[in-house]
Amino acid sequence: MDRPLFLLGVLAASLGAVAQATAADAPPSAIDELVAANRVLAHEDIVDGFGHVSVRNPADPTRYFLARSMAPALVAAADILSYDLDSNALDANGRVSYAERFIHGAIYKARPDVMSVVHAHTPAVIPFGVSDVRLQPIFHMAAFLGAGVPVFEIRDAGGPATDLLVKNLALGDALARTLGSANVALMRGHGMVTVAGSIPEAVFRAYYTAQDAQLEADALRLGPPKFLTADEARSATQTQAGLVSRAWELWKRSASVARS
Ligand code: MN
């Protein structure tokens, strides 16, 4: 057998050995977009060395893709793993998973409409998870916050002495219950989770949730802010649905992600 045929045989054999859907079987665009999201979130300072973003497998709603445990800015396609909705890695091959992958699996299980999840520790949102001041849409770009911003209190589900991390199924389910039908949930003393029907929109929501938090904190120093009304928030959310790609293309360019 000549060398190319031999290599093809090896490839076919190794693919055949993997019975379940793995990251290697994913449509290339989903993996490319997920890698881009990791780099964009890092470049825009929504995540730092920590935080993560996932996508539901477009070809199998019972699976999702998430990078192995590493800094988002450094994620490449080869770092993406496939998980079931209990957040068991299906193709880890010794690679380490994020401790908080349960955030993703639990939300995909509870929310069939959600295709992408971002988890971040963005500093601007933290004050609104630890005080009685609610995070609300203060400008049109964060109109999606009008659906409500529940705060996850891990003490209610995990007792008084957790390390704050959502690192098992029960805590993931509790977080998903707190999120309910909202687009964003804050996590007290920890960060936030944003969800959407696509990767660009989940990133968009993370980005503008952080901006809204900063702006609301600024406005509170001047006096009681005037927030978007529920009607304004609904109307602006509809307008924005068609504009996510404009920001997404810019962010990919800024983060030096090759056009896909
Ligand atoms: Mn975290």
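Asn93 is exposed in this predicted model, with a relative accessible area of 74%. Its place is in the loop between β3 and α3, the latter comprising residues 102-110. The backbone of Asn93 has a phi near 45°, a positive value in a residue other than glycine. As a rule, most residues other than glycine have a negative phi. Asp45 likewise has a positive phi, of about 65°, although Asp45 is not a glycine. This residue lies in the loop between α2 and β1, the strand of residues 52-56. Because its relative accessible area is 59% and the threshold is over 50%, Asp45 counts as exposed. A positive phi, near 60°, is also found at Ser256, which follows α9.

A loop residue may also be buried, as Asp79 shows. Asp79 is found between β2 (63-67) and β3 (80-84). Its relative accessible area is 10%, so Asp79 falls under the 20% limit for a buried residue. Leaving aside residues up to four places away in sequence, Asp79 touches Leu66, Ala67, Arg68, Met70, Leu74 and Arg95.

The metal site comes next. The manganese ion is coordinated by Glu100 through OE and by His119, His121 and His190 through NE2, at 2.1 to 2.2 Å. Along the sequence, these donor residues are spaced E-x18-H-x1-H-x68-H. What is the relative accessible area of His119? The value for His119 is 0%, and the residue is therefore buried. His121, by contrast, has a relative accessibility of 27% and counts as partly exposed, because this value lies between the limits of 20% and 50%.

Two of the metal donors also take part in the empty spaces of the model: Glu100 in the largest pocket and His190 in the largest cavity. Such spaces are revealed by rolling a probe the size of a water molecule over the atoms. The largest pocket has a volume of about 190 Å³. Of the 13 residues that line this pocket, the closest to its centre are Phe50, Gly51, His52, Tyr98 and Glu100. Its lining divides into six nonpolar, six polar and one charged residue.

The structure also holds one cavity of 30 Å³ or more. The volume of the largest cavity is about 30 Å³. Lining the largest cavity are Phe152, Ile154, Leu164, Val166, Met187, Arg188 and His190. By class, the lining of this cavity comprises five nonpolar residues, one polar residue and one charged residue.

The last element to consider is helix α9, which spans residues 244-254. Which residues of α9 are buried? They are Val244, Ala247, Trp248, Trp251 and Lys252. These residues cover an arc of only 130° around the axis, and therefore lie on the same side of α9. On the other side of the helix, Arg246, Leu250 and Arg253 are exposed. The buried residues of α9 are covered by elements including α2 (28-43), α7 (199-222) and α8 (230-240). Helix α2 thus appears in two settings, because α2 is among the elements covering the buried residues of α9 and also borders the loop that holds Asp45.

Technical notes. Residues numbered from 1 in each chain as written. Predicted model: local features only at pLDDT ≥ 70, side-chain atom pairs only at ≥ 80, totals over all residues. Heavy atoms only, no water. 1 Å grid on protein atoms, 1.4 Å probe; cavity = no way out; pocket = protein on both sides within 12 Å on 5 of 7 lines; lining within 4 Å. Points joined across faces, edges and corners; volume = space filled by probe spheres on them. Nonpolar A, V, L, I, M, F, W, Y, C, P; charged D, E, K, R; others polar. Donors = N, O, S within 2.8 Å, 3.2 Å for Na, K, Ca; no water. Buried < 20%, exposed > 50% of the residue type's maximum accessible area, 1.4 Å probe, protein only. Helix = DSSP H or I, 4+ residues; strand = E, 2+ residues; numbered from the N terminus. Arc of directions from axis to C-beta. Contact = heavy atoms within 4.5 Å.
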